[in-house]
Amino acid sequence: MTLGNSLRAVVFFLLLLNIALVARAGDPENKIRQTTDKILSIVADPALKGPSNGEERKKLIRKAVDEQFDWAEMARRSLGRHWAERNEMEKKEFIPLFAELVERTYLKKVEGYSGEKVRYEGEAIEGDNATVKVKIVTQKNKDIPVEYRLKKDEKGWLVYDVLIEGVSLVNNYRTQFNSIITQSSYENLMKVLKAKVAEK
Amino acid sequence: MKSVHSIFLILCLVIIPLPCLAEFFGASSDPLSEETVQVEVARLSPEISQLEDLIRDSNNPGPIDASRDDRPLQVAVIYVPSPKPSAGEYAGTIPDPLEPVNRAFFYFNDKLYFWVLRPAASGYSAVVPEGVRVGVRNFFSNVTTPIRLVNCLLQANFSCAGTEALRFFLNTTVGVAGFFDPAKKDFKYEKKEKDFGQTLGFYGIGSGFYIVWPILGPSSVRDTVGFVGDLFLDPQNYLIESLWINLAVKSYYQINETSLTLGDYEDLKKGALDPYTALKDAYFQYRQGKIKKSKKPNDRHSGESRNPVLSTS
């Protein structure tokens with residue numbers, strides 16, 4: 001093989017390698033992209049627009065979110081040290097209520113979507129933990145940095161925390177729940193939580 | 001093709017993906033390892049329960065009604081397992097010895113928002129198109145460049161200072177007195193949010209306890225000092241001679257900002273079981289996050305968000 005041919009082969013190989021490197025995004029980021037795209041398409045779907053389709057839209061968005069979020073893990077972390085003190089029945093009761101609380105706020109935010117772009121800023125994987133950084137680009141010259149924290153288990157990569165502008169959702173709830181439990185009781189927390197979730 | 005061209009191409013193709021590969025080998029995510037945290041908590045829990053019992057006994061809180069708060073002054077025990085022992089950062093809460101007073105001011109600010117600020121901002125946004133309001137936001141942001149620039153310098157972050165200086169130049173000229181932000185839109189130089197409170201935190205000064213100022217909102221001991229310090233850096237305080245006009249201008253700025261963030265406070269309240277605590281924690285985490293970020297080497301290189309490999313719009 002001539003020198004020219006070998007060099008051409010190396011160039012070709014490196015070109016392919018470069019393309020592969022540039023195009024790759026790991027599983028966690030792909031997962032986030034998929035779910036985000038799915039939700040954005042639901043919101044943008046003309047067939048689902050309008051208040052009459054509200055319930056249908058909400059149902060579909062919830063389904064998409066449930067595929068991506070590990071509610072049990074989030075609920076456990078949000079109770080912090082109080083989780084270990086709960087019995088099985090209390091745990092079973094708490095998880096869906098917590099999921100409902102978070103989803104309600106999220107749904108409201110998503111409904112207010114008005115064309116913001118989502119920019120993927122990078123991903124870092126360390127064993128079974130990963131973070132995916134995203135920026136929501138608004139029309140108002142303010143970008144919102146969002147960070148997803150994911151964990152891998154047999155179901156794949158699932159989100160266990162979301163940080164918006166550096167504020168962890170789990171930590172924020174943990175502070176609130178801890179404050180209520182230590183000042184009153186877990187029963188009171190459940191009372192407040194149920195009332196909140198039942199609010200319009 | 002000629003061999004010299006091939007060699008040149010090969011060199012390019014090897015060098016270009018280096019940032020990408022550096023990520024493979026050098027990438028350090030920083031997820032809190034909850035396992036480490038929980039092991040630490042478990043290890044410390046006997047001492048923690050003892051401390052809690054001591055506090056509970058000394059304070060003797062009565063039955064708590066979720067809406068009223070008449071507990072005696074409490075010492076806040078913050079046991080904070082640190083996931084990375086070297087860091088000196090911790091995931092905890094800000095002490096709040098002034099909680100009753102803070103809650104009162106929180107309530108006052110809440111009413112101020114719903115009764116005064118929100119109606120004014122809604123009315124204003126109905127009359128003034130969003131583009132104009134964003135322009136006003138940009139204008140004020142441009143005017144307050146010295147605050148950010150000086151604090152960049154105080155943190156010895158020269159690329160940050162350079163970015164702010166460049167942004168000021170571009171936005172004042174091309175951006176027509178700062179109404180537009182071509183520095184970000186076209187040249188991809190993003191605003192570096194820096195203030196004196198962050199600078200103090202950067203040098204290791206702790207936040208102190210939580211303070212809710214009437215009208216001004218959530219703060220801390222350190223951030224209040226920061227706020228005062230930044231008053232000396234704000235050009236408006238030198239250019240505007242009358243205090244009343246200055247206050248009027250600042251009020252207008254606040255109405256404009258609120259008109260662009262309508263719904264944010266409502267969403268916080270909607271998602272929170274205890275909005276006061278939610279805001280306190282969010283404020284604390286936000287400030288800690290900013291300080292932590294300013295210490296990272298990443299923040300000190302210009303164009304951190306301009307990596308063409310990672311960002312796609």
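Trainee: How many bridges join β1 to strand β2 (residues 129–137) of chain A?
Mentor: This is a predicted model, in which local features need pLDDT of at least 70, side-chain atom pairs count only at pLDDT 80 or more, and totals for chains, interfaces and linings use all residues. Residues are numbered from 1 along each chain as its sequence is written, while chains are lettered from A and ligands numbered from 1 in the order in which they are written. Strands (E, at least two residues) and helices (H or I, at least four) are DSSP runs numbered from the N terminus, and two strands pair if DSSP finds at least two bridges between them. β1(A) and β2(A) run antiparallel, and the bridges joining them number nine.

Trainee: Which residue in β2(A) is the bridge partner of A:Y120?
Mentor: The two strands concerned, β1(A) and β2(A), run antiparallel. In β2(A), the partner of A:Y120 is A:V134.

Trainee: Which are the edge strands of the open sheet?
Mentor: The open sheet has five strands in chain A, in the order β1-β2-β3-β4-β5, with antiparallel pairing. Each edge strand pairs on one side only, and these are β1 (117–126) and β5 (167–168) of chain A.

Trainee: Which element supplies the largest share of the largest nonpolar core?
Mentor: A nonpolar core is a set of buried Ala, Val, Leu, Ile, Met, Phe, Trp, Tyr and Cys residues joined through C-beta atoms within 7 Å, where buried means that 20 or more other C-beta atoms lie within 10 Å of a residue's own, with C-beta atoms placed from the backbone. The largest such core has 28 residues, and A:M74, A:F98, A:V132 and A:L150 have the most contacts inside it. Its largest share, five residues, comes from α6(A).

Technical notes:
Buried ≥ 20, exposed ≤ 12 C-beta atoms within 10 Å, placed from the backbone.
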